[in-house]
Amino acid sequence: LFVFSIFLVSTASYTAYITLLKSVKDKMSFVCLVITLANLYILLSFIIMQFYNGATSAQVIGNFNAIISENTIFYIIKSLLFFTQTSLLAYLLSKYPLSSVSLIIQLSVGVTAFGYYLLGDILHWNDIFGISIVCIGSLLAGFKKFTFPSFLKPLQDVPVQLYALGILRVLLYSINKSVLFAVTKSTAETRALHQALDRMPILHDLPSTFYTTID
């Protein structure tokens, strides 16, 4: 019931976010506000779930202390990636229509899924089906009109700069998600990656495995 409730709230919130994003003038401030509120919501949901599972206040506080002391470098790397990709998204939204930006950046769903696959994640038919729906839906949403028989002709009208920066944003987003996957999922590929990092000078000091529940 808890997970289903999160699903309903997340779906409704994302729908409202996309709808409002089309009409607001200062898209950069709006995106930053939504990201802040979304992270606070995620944090609050986790805390509620911890207490629901019987954790004490001391245990929850201990988890936060563990994050600060054990995984600081990792979170700095994640924050830099997150800040860069968000700033790039805000810039694209200030220069180009939302439909054109969405047309490019939603490719991150497929690219990220491919990154997960390379890291040992097993893609089932329903995963592939869902990824296909998102990618095709984003493609259709970015078209101002449909032309036949040249169905993909609107793609020729997208500026080269949008293609370049949009694909860069897709790669940053996918790298960010793949890094998180690599340190939270144990597969043959991620274990091999950890072992390779342990053999490298300097890099072996970077945290590559989480040990606390909050992560």
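Of the 215 residues in the protein chain, 30% are buried. Keep in mind that what you're looking at is a predicted model. On the surface side, the chain exposes about 14000 Å², with 71% of that supplied by carbon and sulfur atoms.

Now for the fold itself. The protein chain has nine helices and zero strands, so reading along the sequence just gives you α-α-α-α-α-α-α-α-α. As for how the chain meets itself, take the contacts between residues at least 6 apart in sequence: 73% of these join residues at least 24 apart.

Let's zoom in on the aromatic rings. The count comes to four aromatic pairs. One of them is Y14 with Y17, a tilted pair at 6.0 Å centre to centre and 45° between the planes. Both residues sit in helix α1 (residues 2-23), and because they're three residues apart there, about one helical turn separates them. How covered is each ring's residue? Y14 is partly exposed, with 46% relative accessibility, while Y17 comes in at 17% and counts as buried.

Y17 has another partner, too. Its ring centre lies 5.9 Å from that of F30, and the planes are at 10°, so this pair is stacked. Here the link runs between distant parts of the chain: Y17 belongs to helix α1 and F30 to helix α2 (residues 27-52), with their positions 13 residues apart. Like Y17, F30 is buried. Put the ring pairs together and Y14, Y17 and F30 form a linked cluster.

Methods
Residues are numbered from 1 along each chain as its sequence is written. This is a predicted model: local features need pLDDT of at least 70, side-chain atom pairs count only at pLDDT 80 or more; totals for chains, interfaces and linings use all residues. Side-chain values use heavy atoms; hydrogens and water are left out. Helices (H or I, at least four residues) and strands (E, at least two) are DSSP runs, numbered from the N terminus. Buried means under 20% relative accessible area, exposed over 50%, partly exposed in between (1.4 Å probe, protein chains only). Contact means heavy atoms within 4.5 Å. Accessible areas come from the Shrake-Rupley method with a 1.4 Å probe; for residues, only the protein chains shown count as cover. Rings of Phe, Tyr and Trp (its six-membered ring) pair if their centres lie within 6.5 Å; planes under 30 degrees apart count as stacked, over 60 as edge-to-face and the rest as tilted.
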